[in-house]
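User: Could you walk me through how some of the labels on this model were reached? I would like to see the reasoning behind each one.

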Amino acid sequence: MQALTVAPQQRNSLRVESLPDPEPGAGELLVEGLMLGVCGTDREIVGGEYGWAPVGGERLVLGHESLGRVRQAPAGSGFFAGDLVAGVVRRPDPVPCGACAHGQFDMCRNGRYTERGIKERHGYGSTLWTVEAGYAVRVDPALEHVGALLEPTTVVAKAWDQVLDIGNRAWFAPRSVLVTGAGPVGLLAALLGQQRGLEVHVLDRVTGGRKPELVRRLGGTYHSDDVESVLRAVRPDIVIEATGAPRWRSARCSAFRPTGCCA
């Protein structure tokens, strides 16, 4: 098979190389890789800033935003040849901590988790890969052309779950959300806000290009003014920060305190 690999924490080590075809273990699917997403984490790994190879190895197969087609599935797994699947990225730590023991390993408390394509586990950036049936997610065939976006969508969905869990500790009836940043994560956050029946506002610095139109097509309102004035005009019940820029975070928090927030 062909795989996209790096030597973690070494700049300019990215290459495509030939590796032996994987052999599925007990309870594993054999999957043909169809699509791979690339995000900021991948750029950091390629830049030598981040990432860890599997224990005892020197190179790491990249890729955590995946889509593949099942070639082979074990009996009783619930999967069949031809199914579209995405692979879960994180695996719980071996101790486990309390969060991992309760199935919340994306909230691991001791940092001993592993991650496909990031931390001590090879990723999905290869023409063939295997995944445990319990860590495979079936993807609707209608979503084949965007299936690799399932992983970043789950990140945003988790943020929405946390916002609503916090809000619902008391009376909580949000009507509007402001998403700062109209990149892929911000647009996904806006889409999920629209699906929840909220009035959606998206703030980004650019005034042209595709971002304003994409927000409108999602049913939202696009803003490009400074964050303080937008917060005061919109007065959102929820703010989801999707820029990663500390300056925007500090301005947001000093200008307005919403009823729900994900930073």
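Analyst: Happy to; we will go through salt bridges, burial, strand pairing and a surface patch, bearing in mind that this is a predicted model.

User: Why is the contact of Arg-15 with Glu-17 called a salt bridge?

Analyst: The closest N and O atoms of Arg-15 and Glu-17 are 3.6 Å apart. The cut-off is 4 Å between a side-chain nitrogen of Lys or Arg and a carboxyl oxygen of Asp or Glu, so the pair qualifies. Arg-59 joins Arg-15 and Glu-17 in a network of salt bridges, and the structure holds 9 salt bridges.

User: Why is Glu-17 called buried?

Analyst: Its relative accessible area is 17%. Buried means under 20%, so Glu-17 falls in that class.

User: And what makes Arg-15 partly exposed?

Analyst: Arg-15 has 42% relative accessibility. Partly exposed covers the range between 20% and 50%, so the label fits Arg-15.

User: How do you know that Glu-144 and Arg-69 form a salt bridge?

Analyst: Their side chains meet at 3.0 Å, N to O, and that is within 4 Å, so the definition is met. The pair links distant parts of the chain, 75 residues apart: Glu-144 lies in the loop between strand 11 and helix 3, and Arg-69 in strand 5. Glu-144 has a relative accessible area of 33% and is partly exposed; Arg-69, at 27%, is partly exposed too.

User: Which salt bridge has both residues buried?

Analyst: Glu-115 and Arg-90 are both buried. Their side chains meet at 2.9 Å, N to O, which is within the 4 Å cut-off, so this pair also counts as a salt bridge. Here strand 8, with Glu-115, is linked to strand 7, with Arg-90, 25 residues apart.

User: What makes strand 3 and strand 5 a pair?

Analyst: The two are joined by 7 bridges and run antiparallel. A pair needs at least two bridges, so strand 3 and strand 5 qualify. Arg-69 turns up again here, as the bridge partner of Glu-32. Strand 3 also pairs with strand 10 in the antiparallel sense, over 5 bridges, including one in which Leu-30 has Thr-130 as its partner.

User: Why can Leu-143 be counted in a nonpolar surface patch?

Analyst: Leu-143 has a relative accessible area of 44%. Patch residues need over 30%, so Leu-143 passes that test. With Val-146 and Leu-149, Leu-143 makes a patch of about 220 Å². Leu-143 sits in the loop between strand 11 and helix 3.

Key
Residues are numbered from 1 along each chain as its sequence is written. This is a predicted model: local features need pLDDT of at least 70, side-chain atom pairs count only at pLDDT 80 or more; totals for chains, interfaces and linings use all residues. Side-chain values use heavy atoms; hydrogens and water are left out. Patches are made of residues with over 30% relative accessible area and no salt bridge: like charges are joined within 9 Å, nonpolar side chains (Val, Leu, Ile, Met, Phe, Trp, Tyr) within 5 Å. Accessible areas come from the Shrake-Rupley method with a 1.4 Å probe; for residues, only the protein chains shown count as cover. Helices (H or I, at least four residues) and strands (E, at least two) are DSSP runs, numbered from the N terminus. Buried means under 20% relative accessible area, exposed over 50%, partly exposed in between (1.4 Å probe, protein chains only).
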